[in-house]
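Open the model in your viewer and keep the selection panel at hand. The tour goes stop by stop, with a selection to make at each one.

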Amino acid sequence: MYPVIFDTPAGTLAVGAYRGKLMLCDWINSRHYNSHVNQLKNFDLDQDYTLNVISQIKEYFAGNRKYFDVNVAPIGTNFRLKVWTELAGVSYGTTASYSDIAEKIGNKSAARSVANAISQNPISIIIPCHRIIGSTGTLNGYAGGLEAKKFY
């Protein structure tokens, strides 16, 4: 089964869940989109849970939701999972820098590695990589494009 693709005000997303856990919420124009979708090829995707997640994302874009009630199960290396766990702690309305995340995972000098892990986040929006900024406060790269990052 394939992920569900739908349009948001910031771009087109693909969403897929397995057994009540979100595994994919990725921009279809992301450079990692194809590899993220390929990781799901051996899973029988859970359409009901996927539709629940989509409903929450639509509420978020409509301004009616600030927090998601979603179980996640991203596929990645231990380092990436550690980074993505820290990203999940960046609350609505706040930002953090790549250096902040590197420090939180216990390696202040790993900002570039953190940036790379963030760029490969398979669960955008829910794991809020869009809230991560450069150390000077600038918007840096984003898998969905800088316009999408500016949007929210």
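Start with strand 1 and strand 2: they form a hairpin with two residues between them. This is a predicted model. The two strands run antiparallel, and five bridges join them. Pick V4 and look across to V15 in strand 2, which stands opposite.

**Across to strand 3**

Keep V15 selected. Its bridge partner in strand 3 is C25. Now select L13; in strand 3 its bridge partner is W27. In total, strand 2 (residues 11-18) and strand 3 pair over six bridges, in the antiparallel sense. The turn is worth a stop. Select R19: in the hairpin of strand 2 and strand 3, with two residues between the strands, R19 takes a positive phi near 50°.

**The whole sheet**

Show the three strands together. They form an open sheet in the order 1-2-3, with antiparallel pairing. Strand 1 (4-8) and strand 3 (21-27) are the edge strands, and each pairs on one side only. Neighbouring strands of this sheet are turned by 25° against each other on average, direction ignored. Strands of a sheet pair through backbone hydrogen bonds. Display those to follow the ladder.

Is strand 2 mostly covered or mostly open? Colour by accessibility to see. Strand 2 is mostly covered, with six of its eight residues buried.

**T8**

Select T8, in strand 1. Why does T8 count as buried? Because its relative accessibility is 12%, under the 20% cut-off. Two polar contacts start from this side chain. One reaches the backbone nitrogen of A10 at 3.1 Å. The other reaches the backbone oxygen of G11 at 2.7 Å. Next, expand the selection. Not counting residues up to four places away in sequence, T8 touches L13, W27, I57 and F61. L13 and W27 are the bridge partners from the earlier stop.

**V83**

Jump to helix 3 (residues 78-88) and select V83. V83 counts as buried because its relative accessibility is 0%. Which residues is V83 in contact with, leaving aside neighbours within four places in sequence? They are I101, I105, V114, A117 and I118. Then set a distance between the C-alpha atoms of V83 and S113. It should read 9.5 Å, for residues 30 apart along the chain.

**Zoom out**

Show the full chain as a cartoon. The secondary structure comes to six helices and five strands. From the N terminus on, trace the elements as β-β-β-α-α-α-β-α-α-β-α. Of the 152 residues, 45% are buried. Now draw the contacts between residues at least 6 apart in sequence: 61% of them join residues at least 24 apart. Switch to a surface. The chain exposes about 8000 Å², and carbon and sulfur atoms supply 46% of it.

**Last stop: confidence**

Colour by pLDDT. The chain averages 87, and 87% of the residues score at least 70. Where is confidence highest, and where is it lowest? Select helix 2 (residues 47-61) for the highest, at a mean of 96. Then select helix 6 (residues 146-151) for the lowest, at a mean of 49. Where pLDDT is low, the predicted coordinates should not be read in detail.

Terms used: Residues are numbered from 1 along each chain as its sequence is written. This is a predicted model: local features need pLDDT of at least 70, side-chain atom pairs count only at pLDDT 80 or more; totals for chains, interfaces and linings use all residues. Side-chain values use heavy atoms; hydrogens and water are left out. Helices (H or I, at least four residues) and strands (E, at least two) are DSSP runs, numbered from the N terminus. Buried means under 20% relative accessible area, exposed over 50%, partly exposed in between (1.4 Å probe, protein chains only). Contact means heavy atoms within 4.5 Å. Two strands pair if DSSP finds at least two bridges between them. Axes are lines fitted to C-alpha atoms, for helices over the stretch in contact, and angles run from 0 to 180 degrees between N-to-C directions. A polar contact is a pair of N or O atoms within 3.5 Å; within protein, one must be able to donate a hydrogen and the other to accept it, and residues adjacent in sequence count only if both atoms are side-chain atoms. pLDDT is the predictor's confidence in each residue, from 0 to 100. Accessible areas come from the Shrake-Rupley method with a 1.4 Å probe; for residues, only the protein chains shown count as cover.
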